[in-house]
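Got the viewer open? Let's take a short walk, one selection at a time.

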Amino acid sequence: MNPHFIFNSLNSIQDLILKGDVEHSYSYITTFSNLVRRTLSYSDKDFIDFEQEIKLIELYLSLEKLRFKKDFSFTINTNNIVDIQIPPMLIQPFIENALVHGLLHKEGEKKLTIHFELKDTLICVIEDNGVGREKSKAIKLRQRSEHESFSSKAIYKRFEILSNVFEGQFGYTYEDLQKENQATGTRVSLIIPVKHKF
């Protein structure tokens, strides 16, 4: 989880406190502490229940919603998947990437959808209606930003280790979404190993 996210979350909570919005500030402090606790708890585990990962994602997105305010909406479709375990915190960095690089610079309605499908592996598709990867690169270059939503090398290495340990083809692919030669967002597809509980 990126330090920028933690800093931004605390700033958003501080803003609520300064505005005297006690009810919302208390709610977000509780959510933030829950997210931090879960992140620390899961970080030393090889696998966690799928439901635990979904809860972590929901907590993360509810905090990001505070930053984006009313313009941002998200949908998580789990396809009623149960009784599996997956490596923890593989999905959140890609969601953060979609928010920071795709949706943050977009005007108007910002949408994020996360869809899961269970086959021999877990397939996770994250789609945003953001500015697209090319425009995001141009903005980053113009701002001379050194911010990385997550370390590409670290996440690539993690998938490489999973592929070696579980003897499968795990990883991720990006797809630029377009309509009439205009960028309409980005889709990333993740292939994740699973363990069946029963």
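A word before we click: buried means under 20% relative accessible area, exposed means over 50%, and partly exposed is in between (1.4 Å probe, protein chains only). This is a predicted model, where local features need pLDDT of at least 70, side-chain atom pairs count only at pLDDT 80 or more, and totals for chains, interfaces and linings use all residues. Residues are numbered from 1 along each chain as its sequence is written, and side-chain values use heavy atoms, with hydrogens and water left out.

Start by selecting Tyr172 and Tyr174. Tyr172 is partly exposed, at 25% relative accessible area, and Tyr174 is partly exposed too, at 30%. Their rings form an edge-to-face aromatic pair, 6.1 Å centre to centre with 85 degrees between the planes. (Rings of Phe, Tyr and Trp, the last by its six-membered ring, pair if their centres lie within 6.5 Å; planes under 30 degrees apart count as stacked, over 60 as edge-to-face and the rest as tilted.) Now add Phe94 and Phe159: ring pairs link these two with Tyr172 and Tyr174 into a cluster.

Next, select residues 50–68, helix α3, and residues 92–103, helix α4. Helices here are DSSP runs (H or I, at least four residues), numbered from the N terminus. How far apart are the axes of α3 and α4? They are 10 Å apart, at an angle of about 20 degrees, so the two helices are roughly parallel (angles under 35 degrees count as such).

Last stop: Glu96, in helix α4. Glu96 counts as buried, because its relative accessibility is 2%. Select Ser189 as well: the C-alpha atoms of Glu96 and Ser189 are 14 Å apart, with their positions 93 residues apart in sequence.

Definitions and conventions
Axes fitted to C-alpha atoms, helices over the stretch in contact; angles between N-to-C directions. Parallel < 35°, antiparallel > 145°, perpendicular 65-115°, else oblique.
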